[in-house]
Amino acid sequence: MALLLTAIVAGGLGWLIWWAFRGYVVKSCLDHIPGPPRTSFLTGNFGDMMRRDCWKFVDHLLESYSTTFKIHGLLGDKTLYTIDPIAVQSVLVKDNLSYEETDEFIVGNGLVLGPGLIATLGDVHRKQRKILGPSFSNTNLRAIAPIIDQVVERLCSAIKAQVKTSPEPVDMLNWMSRGALEMLGKGGLGYSFDPLESPAHNPYGDAVKALLPTMFAFALHWLFVSWTPYLGTPQFRRWLLDMYPHRTAQKLRGISDLMWRNAVRIVDEKKAALEKGEGLDDDEGKDIMSVLLKANMNASAQDRLSDDQVIGQVNTFVLAGTDTTSNIMSRILDVLSIRQDMQDRLRSEVMKARAELGASELSFDTVMEMPLLDAVCKESFRLYPPVLAIDRVVQKDTVLPLANPINDVHGNPVYKIPLTKGTGVTFSIYGYHRSKDIWGEDALEWKPDRWLVPLPETARMFPGGTPFANLMNFALGHRSCIGYRYAELEMKITLFRLMESFKFSSAGVDIYWNASHVVFPSLTKDSPAGSMPLKVQFIKA
Ligand code: HEM
């Protein structure tokens, strides 16, 4: 018996060691693809890629290698890294059944947020997408625009109050974060998170703000998260997590618990109101969650989302829709504070629109039809993508076509790459948006005017375009960003009102932009929290 037990333990250990180190010995479908040498035996290039200041390393890779190359992951793993438009079109659209989100992404999001869109696959994902789609339609966004406009009016009043009482620079990241959360709250969930009355912090807002950086800081542990569903019952897993002696894990647990409690409250209150017939015809019922709940109530039993799935969507919208929007809006203000010429031009366009509009609220059509406002947003999304890359894993052996052939390690041309199950593929939005071959010699310049004339042929390589003007910020295909028009609407209303009310200039401090799940600003690359002080001057009586 003892011998049998020893054999089982030894066999198990042997299998574990083989599993962990097989990447170093087993042949990979990427062996012939060139790429940088590993920087660490155990973590490959992972450490360099996952740093807040990974910019130099990533720029070096994009300059030194072709449009498609190999990078080393953990424990001998290899990933294909590409900016090739035909390759990504194949991964996300044409051959999308051969690829899927990584296990860590799906399982991790499920654990932290619940079973919403970014935590589900296959039929469950399709069902959720089908019932959620109409809530994000242009018709619904037209109805939501005035709600967002009212939030931005409150936001501007709060900034004005701060500017009038203190000559100090204003942390615009803080205001953009609070504004984005409240816009998502009121327009997305029909719920107010923050009265936006004073510069004070809001605990829920602070938790949401800390969520993505905390997940990013947890990076290495995250790679093991896909094993957790196999660790016994939910109660046992919860006990294990409570005992896990790691500060970041405990911080993440606290944030997740707080978000879940809030989401349950929001959904319960909304359901109770709808059951009483409240909010069916007035402004209250126009937010995305009300439209979803009404559609869900009327859906057939097989199409209907469970309570947990609806609660999961609340957390998903908060995660996917706040930092992304607030950080790109901050980036635009940062650029405009340096490029005063463009700030003046943008303000002229805004003032002209305001003269035609009078004191009326801003509408979807007004802000969506302003050429320079649109060009400033697109150019900022191009040069400064808030999400840097899209990751997928091959689910069944397939072949990846390339628009731009590369040379393999022996110098032979490669037009397509056979990929085996389990191989990782990363599409670099950052690299694609900065490629001179695609955008022209001035690709690294922030030039909104490029959007006021036809784009070069090379920037229109996606057959049928992308959801957002040949840019990849919102991905492509059946998992592309469901909220991209919502984000665009929020950004345009916010920039409109900020431009007509304030002038922004540099506070004389350098702003450091940190790589993360969503790029964020801080005073240095080691600052524990994000911030972006700007000089803000009130210009409208
Ligand atoms: C600047 C703003 C935003 C950016 C850059 C952005 C970017 C993205 C990207 C790149 C994806 C695809 C991820 C992948 O394929 O792995 C995505 C998915 C998603 N986004 Fe956004 N997003 C933004 C705003 C929003 C907003 C405002 C919402 C909701 C109100 C939202 C909700 C979602 C959801 C639910 C998904 C998952 C879609 C699915 O799996 O079917 N996003 N977003």
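## Exercises on the ligand shell and the core

In this predicted model, an oxygen atom of the ligand lies 2.6 Å from an N or O atom in the side chain of His-125.

**Exercise 1.** Describe the surroundings of the ligand, beginning with the polar contacts and ending with the make-up of the shell.

*Solution.* Besides the pair at His-125, an oxygen atom of the ligand is 2.9 Å from an N or O atom in the side chain of Glu-101, and a nitrogen atom of the ligand is 3.5 Å from a polar backbone atom of Ala-320. Two or more residues of the shell are given by each of helix H6 (122–132), helix H14 (307–321), helix H15 (323–338), strand S5 (389–394) and H21. Among the 28 residues around the ligand, those that come nearest are Glu-101, His-125, Arg-129, Arg-392 and Cys-481. By type, the shell divides into 15 nonpolar, nine polar and four charged residues.

**Exercise 2.** Decide whether Cys-481 is buried, partly exposed or exposed.

*Solution.* Start with its place in the chain, which is the loop between helix H20 (436–439) and helix H21 (484–501); an unreviewed UniProt entry puts a "binding site" feature at Cys-481. Leaving out residues up to four places away in sequence, Cys-481 touches Arg-129 and Phe-474. Its relative accessible area is 31%, so Cys-481 is partly exposed, since buried would require a value under 20% and exposed one over 50%.

**Exercise 3.** Characterise the largest nonpolar core, and follow one of its residues with the most contacts.

*Solution.* This core has 148 residues, and Met-172, Leu-333, Leu-419 and Met-472 have the most contacts inside it. Helix H7 (residues 138–165) supplies the largest share, 11 residues. Beyond its sequence neighbours up to four places away, Met-472 touches residues including Val-88, Leu-92, Ile-390, Phe-427 and Phe-462.

Technical notes: Residues are numbered from 1 along each chain as its sequence is written. This is a predicted model: local features need pLDDT of at least 70, side-chain atom pairs count only at pLDDT 80 or more; totals for chains, interfaces and linings use all residues. Side-chain values use heavy atoms; hydrogens and water are left out. A nonpolar core is a set of buried Ala, Val, Leu, Ile, Met, Phe, Trp, Tyr and Cys residues joined through side-chain atoms within 4.5 Å. Buried means under 20% relative accessible area, exposed over 50%, partly exposed in between (1.4 Å probe, protein chains only). Helices (H or I, at least four residues) and strands (E, at least two) are DSSP runs, numbered from the N terminus. Contact means heavy atoms within 4.5 Å. UniProt positions are given in the numbering used here, feature names are shortened, and annotations may be inferred rather than shown by experiment. A residue is near a molecule or strand if one of its heavy atoms lies within 4 Å of it. A polar contact is a pair of N or O atoms within 3.5 Å; within protein, one must be able to donate a hydrogen and the other to accept it, and residues adjacent in sequence count only if both atoms are side-chain atoms. Ala, Val, Leu, Ile, Met, Phe, Trp, Tyr, Cys and Pro count as nonpolar, Asp, Glu, Lys and Arg as charged, and the others, Gly among them, as polar.
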